[in-house]
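Dear colleague,

Please find below the structure that I am handing over to you. A summary of what was found in it follows.

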Amino acid sequence: MSNRTPLEERLRAALEARGQLISAHDLSPARPPAGSTWGTRRIRRVLSVAVAAAAGAAAAGNQVI
């Protein structure tokens with residue numbers, strides 16, 4: 001069952017080496033994002049919706065009936 005190819009051996013060795021680099025500190029939960037990031041995203045979303053609505057209204061106002 002240990003009929004491994006050279007590629008598989010190299011991959012296993014690389015994954016093992018990478019696994020040795022991880023410590024308990026790396027596994028601790030990450031801090032939540034800062035508050036200003038969420039506010040900026042919300043403002044961008046609202047502005048993009050407002051611009052799209054204004055463009056739609058302008059296009060509707062310019063239609064020839």
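**Salt bridges and overall features**

R4 and E9 are joined through their side chains by a salt bridge, with a distance of 3.7 Å from N to O. Please note that the model is a predicted one. Both partners of this pair fall in the intermediate class of accessibility: R4 is partly exposed at a relative accessible area of 39%, and E9 is partly exposed at 37%.

A salt bridge also links E8 and R12, whose closest N and O atoms lie 3.2 Å apart. These two residues belong to helix α1, which covers residues 6–20. Because E8 and R12 are four residues apart in that helix, about one helical turn separates them. E8 has a relative accessibility of 29% and therefore counts as partly exposed, since the partly exposed class lies between 20% and 50%. R12, with 43% relative accessibility, is likewise partly exposed. As general background, side chains of opposite charge can pair when their charged atoms come close.

Across the whole structure, the search finds two salt bridges.

Turning to the chain in full, its secondary structure consists of two helices, with zero strands. The chain has 65 residues, and 0% of them count as buried. Its accessible surface amounts to about 6,400 Å². Carbon and sulfur atoms account for 62% of that surface.

Yours sincerely

How values were computed. Residues are numbered from 1 along each chain as its sequence is written. This is a predicted model: local features need pLDDT of at least 70, side-chain atom pairs count only at pLDDT 80 or more; totals for chains, interfaces and linings use all residues. Side-chain values use heavy atoms; hydrogens and water are left out. Buried means under 20% relative accessible area, exposed over 50%, partly exposed in between (1.4 Å probe, protein chains only). Accessible areas come from the Shrake-Rupley method with a 1.4 Å probe; for residues, only the protein chains shown count as cover. A salt bridge is a side-chain nitrogen of Lys or Arg within 4 Å of a carboxyl oxygen of Asp or Glu.
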